[in-house]
Amino acid sequence: MPHARTGNSYLAGFGSDDMNSGKDRDDDRGFIAASFRSHWLLFILVGGLLIVAGGVAIAVPAVSSLAPNEVLGLVLMFVGIVQITQSAKMRRESLFVWHLALGLLAAIGGVLIRLDPFAGIVTITLLMAIVFSVHGLTQIAFAAKVRSLKGWFWFLASGCIALLAAGLLVMKLPYDHSFTPATVGGISLLFAGCAYVAVALRARGPRMSVLTG
């Protein structure tokens, strides 16, 4: 029966494509796990940089006369440049795109916050909120992609904190000299840095398990 053979061939081909897709996903997760293991020190350094950047964004406006948006803009520009540079070390598409996207977002967002080109159209705090909301969504999307990796929830938590920061920036909070929009952004950067460090420390051993179970 030619039709039956054709149908079976189709089903066999469909199953093969499905298995190949699953294998590709496993290979991608395996490569990401291996990348965190082989570059764990680099990830810790980037995480440390984000923690320091968050601390600067929180502390500098509180102890100096510098405008909070100027400080946060400069911090994001610096963080973005570092992450763009780091993306060049990531050979796999998923890691490269993730780091490049975060770097470009931080750098461009920092420039926009620093220069405030939309004054009178978009408030500076709303612009900050947009930057951190996109940053949070990017982190959450990456966490979903690597959810079988140990420690993936750190990136999920970091993305949720960034979204929370964006929400707080939109709200009309009673800001003062010691609590500014840069404080909110700095806290988000602190959590992002902690996510990098936590996952890198778990990957530091001789072997990193791909699956959480």
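P68 has a relative accessible area of 23%, so this residue counts as partly exposed, lying between the 20% limit for buried and the 50% limit for exposed. It is a handy starting point for a tour of this predicted model. The protein chain has 213 residues, and 38% of them count as buried. Its secondary structure comes to seven helices and zero strands, so the order from the N terminus reads α-α-α-α-α-α-α.

**Helix α3, the home of P68**

- P68 belongs to helix α3, and its C-alpha atom is separated by 7.5 Å from that of A57, eleven residues apart along the chain.
- How far apart are the end C-alpha atoms of α3? They are 28 Å apart, and this agrees with the 28 Å that 20 residues should span at 1.5 Å a residue, because the expected span uses one less than the number of residues.
- The buried residues of α3 include V71, L72, V75, L76 and V79.
- Further along α3, G80, Q83, Q86 and S87 are buried too, and G73 also belongs to this group.
- A general rule helps when you look at such a list: an α-helix has 3.6 residues a turn, so residues three or four places apart point the same way.

**Helix α5 on its own**

- Helix α5 covers residues 124-145.
- The 22 residues of α5 should span 32 Å at 1.5 Å a residue, and the end C-alpha atoms are indeed 32 Å apart, so expectation and model agree.
- Which residues of α5 are buried? They are L127, M128, A129, V131, F132, H135, G136, T138, Q139, F142 and A143.
- L137 also sits in α5, but its relative accessibility is 53%, so L137 counts as exposed, over the 50% limit.
- The C-alpha atoms of L137 and A162 are separated by 8.3 Å, although the two residues are 25 residues apart along the chain.

**How α5 packs against other helices**

- Two packed helices are described by the angle between their axes and the distance between the axes.
- The axes of α5 and α6 (residues 152-170) come within 7 Å and cross at roughly 160°.
- Why are α5 and α6 called roughly antiparallel? Their crossing angle of roughly 160° is over 145 degrees, so they fall in that class.
- The crossing in which α5 passes α6 is left-handed.
- The contact of α5 with α6 is made up of 17 nonpolar residues, seven polar residues and no charged ones.
- With α7 (181-202), α5 packs at an angle of about 15°, and the axes are 11 Å apart.
- That angle is under 35 degrees, so α5 is roughly parallel to α7.
- The crossing of α5 and α7 is left-handed as well.

**Residues that meet across the sequence**

- M171 lies in the loop between α6 and α7, and with a relative accessible area of 46% it is partly exposed, because this value is between 20% and 50%.
- M171 and T125 are 46 residues apart along the chain, while their C-alpha atoms are separated by 9.1 Å.
- S38 is found in helix α1, which covers residues 2-38.
- Is S38 buried or exposed? Its relative accessible area is 54%, so S38 is exposed.
- Between S38 and A203 there are two separations to compare: 165 residues apart in sequence, and 8.3 Å apart in space, C-alpha to C-alpha.

**Cysteines and disulfides**

- A disulfide is a covalent bond between the sulfur atoms of two cysteines.
- How many disulfides does a search of the whole structure find? The search finds zero.
- C160 has 40% relative accessibility, so C160 counts as partly exposed.
- C194 has 35% relative accessibility, so C194 counts as partly exposed too.

Technical notes: Residues are numbered from 1 along each chain as its sequence is written. This is a predicted model: local features need pLDDT of at least 70, side-chain atom pairs count only at pLDDT 80 or more; totals for chains, interfaces and linings use all residues. Side-chain values use heavy atoms; hydrogens and water are left out. Axes are lines fitted to C-alpha atoms, for helices over the stretch in contact, and angles run from 0 to 180 degrees between N-to-C directions. Helices (H or I, at least four residues) and strands (E, at least two) are DSSP runs, numbered from the N terminus. Angles under 35 degrees count as roughly parallel, over 145 as roughly antiparallel, 65 to 115 as roughly perpendicular and the rest as oblique. A crossing is left-handed if the near helix is turned anticlockwise from the far one by less than a right angle, and right-handed if clockwise. Ala, Val, Leu, Ile, Met, Phe, Trp, Tyr, Cys and Pro count as nonpolar, Asp, Glu, Lys and Arg as charged, and the others, Gly among them, as polar. Buried means under 20% relative accessible area, exposed over 50%, partly exposed in between (1.4 Å probe, protein chains only). A disulfide is a pair of cysteine sulfur atoms within 2.5 Å.
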